[in-house]
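Got your viewer open? Load the model and get ready to pick out a few helices and a pocket. We'll go stop by stop.

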Amino acid sequence: MRIPARSVCTAIRDDIVSGAFERGSRLTEEQLARRYGVSRVPVREALRTLESEGFVVTRRHAGACVAEPTEQEAADLLEIRLLLEPLGAARAAQRRSEAHLKVLRGLVRLGQDRARRGQGEDLRSLGAWFHETLAQACGSPGLTALLTQLRHKIAWMYTVERPARPVEAWAEHGAIVDAVARGDAERARALTALHAERTTGAHRLRIPTGVRVSQHSVNTAGDRI
């Protein structure tokens, strides 16, 4: 069975974001094919995609390497987030489906419950799922792709401190969903802008870590793009 390049791309991106591959380290086709248990063809395609996304660069005499964003480039990501996330929420208010609303409301209920219980690790994954669903609800594949790529890059460059008042943070999520459900694009935009601005201060630049050498196979059951 031929492993799709999309699955390989997801696996490599996840390892870059998690720090398994240090910024600036080489990424050879042979090394990656062996690590993920695939041929070099999907690896080659995946590296081209990751280069277009800014996770990989090609250097003379070295080939593909993990990119090394500057602090300014990292700061730019947060500024771009302040522009794109409110736009995505406004579009979601205009184009969301009932299925999107059902998922968003369910996530808010879970988030509020976990916040009251103080289950921080659950809140982190629920928050990522919430923003991913909100991005999908905007009804624009191009904008959804930009928001998804932005989320991956921010996770790569920053750690995010847990909110001091998680119940209030999930109340903000709930208010955004209410605005989206009512089709109030301007309120959804404004609430999301306030939420994004408030959480910007919780982001801390990551200190690059070394390369980890554990090997694993690509999970072909589904992609997390």
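Before you start selecting, one bit of vocabulary: a crossing counts as right-handed if the near helix is turned clockwise from the far one by less than a right angle, and as left-handed if it is turned anticlockwise. Also keep in mind that this is a predicted model.

**Stop 1: α2 and α3**

Select helix α2, residues 29-36, and helix α3, residues 40-53. α2 passes α3 in a right-handed crossing. Their axes sit 9 Å apart and the packing angle is about 115°. Angles of 65 to 115 degrees count as roughly perpendicular, so that is how α2 lies to α3. Now show side chains: on the α2 side you want Glu29, Glu30, Leu32 and Ala33, which meet Arg40, Val43, Arg44 and Leu47 of α3. This contact is split between four nonpolar and four charged residues, with no polar ones.

**Stop 2: α1 and α2**

Keep α2 on screen and add α1, residues 5-18. The axes of α1 and α2 come within 11 Å and cross at roughly 100°, which makes α1 roughly perpendicular to α2. Pick Ala11, Ile12 and Asp15 in α1, then look across to Leu32, Arg35 and Tyr36 in α2. Here the classes come out as four nonpolar, two charged and no polar residues.

**Stop 3: α5 and α6**

Hide those and select α5 (98-117) with α6 (120-136). What angle do α5 and α6 pack at? It is about 160°, with the axes 10 Å apart. Over 145 degrees counts as roughly antiparallel, so α5 and α6 fall in that class. The crossing of α5 and α6 is left-handed. Among the contact residues, try Leu104, Leu107 and Arg114 from α5, and Leu126, Trp129 and Phe130 from α6. Taken together, the contact of α5 with α6 holds 11 nonpolar, four polar and two charged residues.

**Stop 4: the largest pocket**

Leave α6 showing and turn on a surface. The largest pocket has a volume of about 1,500 Å³. To centre your view, select Arg124, Gly127, Ala128, His131 and Val160, the closest to the pocket's centre of the 49 residues lining it. Which element gives the most to this lining? That's α6, with 11 residues. Other elements giving two or more residues include α4 (71-95), α7 (141-157), β3 (158-160), α8 (166-182) and α9 (185-200). Colour the lining by class and you should find 20 nonpolar, 15 polar and 14 charged residues. α1 from the second stop also belongs among the elements with two or more lining residues.

Conventions
Residues are numbered from 1 along each chain as its sequence is written. This is a predicted model: local features need pLDDT of at least 70, side-chain atom pairs count only at pLDDT 80 or more; totals for chains, interfaces and linings use all residues. Side-chain values use heavy atoms; hydrogens and water are left out. Axes are lines fitted to C-alpha atoms, for helices over the stretch in contact, and angles run from 0 to 180 degrees between N-to-C directions. Helices (H or I, at least four residues) and strands (E, at least two) are DSSP runs, numbered from the N terminus. Angles under 35 degrees count as roughly parallel, over 145 as roughly antiparallel, 65 to 115 as roughly perpendicular and the rest as oblique. Contact means heavy atoms within 4.5 Å. Ala, Val, Leu, Ile, Met, Phe, Trp, Tyr, Cys and Pro count as nonpolar, Asp, Glu, Lys and Arg as charged, and the others, Gly among them, as polar. On a 1 Å grid over the protein atoms alone, a cavity is a set of points where a 1.4 Å probe fits but cannot get out, and a pocket is an open set with protein on both sides within 12 Å along at least five of seven lines; lining residues have an atom within 4 Å of a point. Grid points are joined across faces, edges and corners, and a volume is the space filled by probe spheres set on the points.
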